Amino acid sequence: MLEDFFTHGHIIARHRAGLFGTHVDGLAEDLSIEGYARQSVRSAIAAVRGFGSWMERRDLRVKDVSEKMINEFGRHRRSWIRRGRLAALHALLTRLRRLGIASLRLQPAGGPIERIEQDFGTLENTQTVARVF
């Protein structure tokens with residue numbers, strides 16, 4: 001599937017060699033089916049490779065992907081939020097959960113205020129992504 005988005009074999013090989021290498025073709029297909037433009041899929045795959053490198057440097061595995069990891073990764077990457085790259089990582093997480101690789105989302109701990117704060121943070125990220133697309 002990556003061949004539909006990248007022309008150079010060495011680039012395709014680099015994407016497939018990373019931590020998420022076995023999942024990038026499926027993710028590209030998912031995003032394509034959802035109507036993402038070619039350049040958006042290319043950017044998403046590059047974001048996944050960068051996230052995978054970041055996780056490898058911390059000795060994390062594919063099964064360790066979570067909202068918390070994505071948010072920690074994105075904390076100092078504000079331009080990634082504007083460009084929708086963090087949305088690509090959330091699409092990856094959704095795919096990994098669908099395949100039974102990543103854990104399902106845990107309910108926020110705490111009382112009603114903590115749950116509202118958690119929901120607002122998720123809504124805020126979603127609205128930022130929506131403005132990008």
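Okay, let me start with how this chain connects to itself: of the contacts between residues at least 6 apart in sequence, 58% join residues at least 24 apart. Keep that in your head while you look at the picture, and remember that what we have here is a predicted model.

So what is the chain built from? The secondary structure comes to seven helices and zero strands. If you read along the sequence, you get α-α-α-α-α-α-α. There are 133 residues in the chain, and 36% of them are buried. As for the outside, the chain exposes about 8100 Å², and carbon and sulfur atoms supply 51% of that.

Now let's go inside. In soluble globular proteins, nonpolar side chains tend to be buried together. In our model, the largest nonpolar core has 32 residues. Which residues have the most contacts inside it? They are Phe 20, Ile 45, Phe 51, Val 65 and Leu 89. The elements giving two or more residues to this core are helix H1 (9–17), helix H2 (24–33), helix H3 (38–57), helix H4 (67–74) and helix H6 (85–98). H3 brings the largest share, with eight residues.

Let's take one of those core residues, Val 65. If you skip its neighbours within four places in sequence, Val 65 is in contact with Phe 20, Phe 51, Met 55, Ile 70, Leu 93, Leu 96 and Ala 102. Notice that Phe 20 and Phe 51 turn up there, and those two bring me to the aromatic rings.

A search of the whole structure finds four aromatic pairs. One of them is Phe 20 with Phe 51, and that pair is stacked, with 5.8 Å centre to centre and 5 degrees between the planes. Where do the two partners sit? Phe 20 is in the loop between H1 and H2, while Phe 51 is in helix H3, so to speak a link between distant parts of the chain, 31 residues apart. Both Phe 20 and Phe 51 are buried.

Phe 51 has another partner, Phe 73. Here the ring centres are 5.1 Å apart and the planes sit at 65 degrees, so this pair is edge-to-face. Why does the pair tie together parts that are 22 residues apart in sequence? Because Phe 51 lies in helix H3 and Phe 73 in helix H4. Phe 51 and Phe 73 are both buried. Put Trp 54 into the picture and you have one aromatic cluster, made of Phe 20, Phe 51, Trp 54 and Phe 73.

Next, how do the helices pack? Two packed helices are described by the angle between their axes and the distance between the axes. Start with H3 and H4: their axes are 11 Å apart, and the angle is about 100 degrees. H3 and H4 are therefore roughly perpendicular to each other. On the H3 side you find Gly 50, Phe 51 and Trp 54, and they meet Met 69, Ile 70, Glu 72 and Phe 73 in H4.

Then there's H3 with H6. Their axes come within 9 Å and cross at roughly 75 degrees, so H3 and H6 are roughly perpendicular to each other. From H3, Ser 43, Ala 44, Ala 47, Val 48 and Phe 51 meet Arg 85, Ala 88, Leu 89 and Leu 92 in H6.

Let me finish around H2. Just before we get into the helix, look at His 23, in the loop between H1 and H2. Is His 23 buried or exposed? His 23 is buried, because its relative accessible area is 9%, and the cut-off for buried is under 20%. Leaving aside neighbours within four places, His 23 is in contact with Val 62, Leu 92, Arg 95, Leu 96, Leu 99 and Ile 101.

Val 24 belongs to helix H2. With 3% relative accessibility, Val 24 counts as buried too. Not counting residues up to four places away, Val 24 touches Leu 2, His 15, Arg 16, Ile 45 and Val 48. The C-alpha atoms of Val 24 and Arg 49 are separated by 8.7 Å, although these residues are 25 apart along the chain.

The buried residues in H2 are Val 24, Gly 26, Leu 27, Ala 28, Asp 30 and Leu 31. What covers them includes H1, H3 and H6. And just after H2, Gly 35 takes a positive phi of about 95 degrees.

Methods:
Residues are numbered from 1 along each chain as its sequence is written. This is a predicted model: local features need pLDDT of at least 70, side-chain atom pairs count only at pLDDT 80 or more; totals for chains, interfaces and linings use all residues. Side-chain values use heavy atoms; hydrogens and water are left out. A nonpolar core is a set of buried Ala, Val, Leu, Ile, Met, Phe, Trp, Tyr and Cys residues joined through side-chain atoms within 4.5 Å. Buried means under 20% relative accessible area, exposed over 50%, partly exposed in between (1.4 Å probe, protein chains only). Helices (H or I, at least four residues) and strands (E, at least two) are DSSP runs, numbered from the N terminus. Contact means heavy atoms within 4.5 Å. Accessible areas come from the Shrake-Rupley method with a 1.4 Å probe; for residues, only the protein chains shown count as cover. Rings of Phe, Tyr and Trp (its six-membered ring) pair if their centres lie within 6.5 Å; planes under 30 degrees apart count as stacked, over 60 as edge-to-face and the rest as tilted. Axes are lines fitted to C-alpha atoms, for helices over the stretch in contact, and angles run from 0 to 180 degrees between N-to-C directions. Angles under 35 degrees count as roughly parallel, over 145 as roughly antiparallel, 65 to 115 as roughly perpendicular and the rest as oblique.
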